[in-house]
Amino acid sequence: MQPLQIIKNPLKKFFYAVYQKRLEQKTSHWHIPHHIGIILDGNRRYAKKQGFMDSIKGHYDGAHKLEEMLHWCDELGVKIVSIWIFSLDNFKRDQSEVTEILDLIEKKMREVVTIEGLHTNQIKIRSMGQVELLPQSLQDAIHAAEKATKHYDKFILNVAVAYGGREEIVEAVRSHLQSELAKGREPAEITDELSVEKISPHLYTSELPDPDLIIRTSGEVRLSGFLLWQSVYSEYYFCDTYWPAFRKIDFLRAIRDYSQRQRRFGK
């Protein structure tokens with residue numbers, strides 16, 4: 001390492017620490033979102049930038065970052081977090097990578113059952129997505145995590161896996177139609193009464209408030225279908241940092257930015 005770099009790195013860390021402290025001191029004056037959605041993007045690019053031979057290392061670092069982020073949310077009083085960790089489109093990736101990612105998700109889901117901190121903080125796990133498309137062992141792990149935390153109500157973590165926004169809406173409409181037809185109602189009656197209020201209870205996030213803020217990392221400025229229905233009035237924050245490198249400073253900046261916005265809800 002060059003002499004200038006030896007001096008520069010500690011100085012950089014020092015100034016970041018001071019800046020983070022200043023942001024933390026201001027949080028009591030901010031409007032904190034009740035529900036945050038996060039698109040955890042950039043794991044593979046992070047791994048490549050770090051020089052890792054295997055991209056799965058980026059996903060492991062991303063999983064550790066999620067644990068950190070949940071602590072930050074708890075500190076600020078955020079009550080609901082929805083994360084997108086595996087999309088339906090991700091099934092199209094190289095099969096070996098898909099297997100490694102799903103194995104990692106299964107490992108983390110099984111850890112949920114025994115992690116003391118999760119139960120101490122009363123974190124409820126809810127899955128979102130076409131879970132039936134996943135390997136049976138992963139399905140079992142997800143159901144076990146949901147069962148072990150179903151009575152908690154202090155904090156809710158929605159985990160979107162095998163998830164697609166369009167598919168969620170289609171599934172919700174289908175579920176509504178099936179339930180109405182099962183009551184013996186005529187198709188004409190069902191379509192005449194079709195409304196937002198009729199479909200919403202069939203979404204993955206039924207009984208939960210819509211996300212106030214959605215954060216996407218890695219510099220991509222698009223939704224990619226995440227919570228399409230629920231995000232109609234959400235505020236968005238796009239961050240250039242790859243997810244595994246996401247810092248508390250980045251998180252606090254997102255919350256500060258949200259707090260400064262004036263939400264009109266179409267009015």
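Here are some worked exercises on a predicted model, each with a task and a stepwise solution.

**Exercise 1. Helix 3 beside helix 4**

Work out how helix 3 and helix 4 are oriented toward each other, and which residues meet where they touch.

*Solution.*
- Step 1: Start with the axes, which come within 10 Å and cross at roughly 25 degrees.
- Step 2: Compare that angle with the cut-off: angles under 35 degrees count as roughly parallel, so helix 3 is roughly parallel to helix 4.
- Step 3: Add the handedness; helix 3 passes helix 4 in a right-handed crossing.
- Step 4: List the partners. From helix 3 come Ile56, His59, Tyr60, Ala63, His64 and Glu67, and they meet Glu97, Glu100, Ile101, Leu104, Lys107 and Lys108 of helix 4.
- Step 5: Sort these contact residues by character, which gives five nonpolar, two polar and five charged.

**Exercise 2. Helix 4 beside helix 6**

Now repeat the analysis for helix 4 (residues 95-112) and helix 6 (residues 136-149).

*Solution.*
- Step 1: The two helices pack at an angle of about 25 degrees, and their axes are 8 Å apart.
- Step 2: Helix 4 and helix 6 are therefore roughly parallel to each other.
- Step 3: Their crossing is left-handed.
- Step 4: On the helix 4 side, the contact uses Leu102, Ile105, Glu106, Met109, Arg110 and Val112; on the helix 6 side, the residues are Ser137, Leu138, Asp140, Ala141, Ile142, Ala145 and Thr149.
- Step 5: By character, the residues of this contact are eight nonpolar, two polar and three charged.

**Exercise 3. Two residues of helix 3**

Decide whether lysine 57 and histidine 59 are buried, partly exposed or exposed, then describe their surroundings.

*Solution.*
- Step 1: Place lysine 57 in helix 3, which spans residues 56-76. Histidine 59 also sits in helix 3.
- Step 2: Lysine 57 has a relative accessible area of 37%, so this residue is partly exposed.
- Step 3: Histidine 59 has a relative accessible area of 11%, and because buried means under 20%, histidine 59 is buried.
- Step 4: Look for partners. The lysine 57 side chain makes a polar contact with the side chain of aspartate 61 at 2.9 Å. Leaving out residues up to four places away in sequence, histidine 59 touches Asn43, Arg44, Arg93, Glu97, Ile101 and Leu104.

**Exercise 4. A separation of 43 residues**

Find how far apart in space lysine 57 and phenylalanine 14 are, and do so too for isoleucine 80 and isoleucine 123.

*Solution.*
- Step 1: Lysine 57 and phenylalanine 14 are 43 residues apart in sequence, and their C-alpha atoms are 28 Å apart.
- Step 2: Isoleucine 80 and isoleucine 123 are also 43 residues apart along the chain, with 9.5 Å between their C-alpha atoms.
- Step 3: Look around isoleucine 80, which lies in strand 2 (residues 80-87). With a relative accessible area of 4%, isoleucine 80 is buried. Its contacts beyond four places in sequence include His34, Ile36, Ile156 and Leu208.

**Exercise 5. Positive phi**

Locate glutamine 122 and alanine 162, and describe the phi of each residue.

*Solution.*
- Step 1: Recall that most residues other than glycine have a negative phi.
- Step 2: Glutamine 122, although not a glycine, has a positive phi of about 55 degrees. Glutamine 122 lies in the loop between helix 5 (116-120) and strand 3 (123-128), and counts as partly exposed at 33% relative accessibility.
- Step 3: Alanine 162 is not a glycine either, yet has a positive phi of about 60 degrees. Alanine 162 belongs to strand 4 (residues 155-163) and is buried, with a relative accessible area of 0%.

Notes: Residues are numbered from 1 along each chain as its sequence is written. This is a predicted model: local features need pLDDT of at least 70, side-chain atom pairs count only at pLDDT 80 or more; totals for chains, interfaces and linings use all residues. Side-chain values use heavy atoms; hydrogens and water are left out. Axes are lines fitted to C-alpha atoms, for helices over the stretch in contact, and angles run from 0 to 180 degrees between N-to-C directions. Helices (H or I, at least four residues) and strands (E, at least two) are DSSP runs, numbered from the N terminus. Angles under 35 degrees count as roughly parallel, over 145 as roughly antiparallel, 65 to 115 as roughly perpendicular and the rest as oblique. A crossing is left-handed if the near helix is turned anticlockwise from the far one by less than a right angle, and right-handed if clockwise. Contact means heavy atoms within 4.5 Å. Ala, Val, Leu, Ile, Met, Phe, Trp, Tyr, Cys and Pro count as nonpolar, Asp, Glu, Lys and Arg as charged, and the others, Gly among them, as polar. Buried means under 20% relative accessible area, exposed over 50%, partly exposed in between (1.4 Å probe, protein chains only). A polar contact is a pair of N or O atoms within 3.5 Å; within protein, one must be able to donate a hydrogen and the other to accept it, and residues adjacent in sequence count only if both atoms are side-chain atoms.
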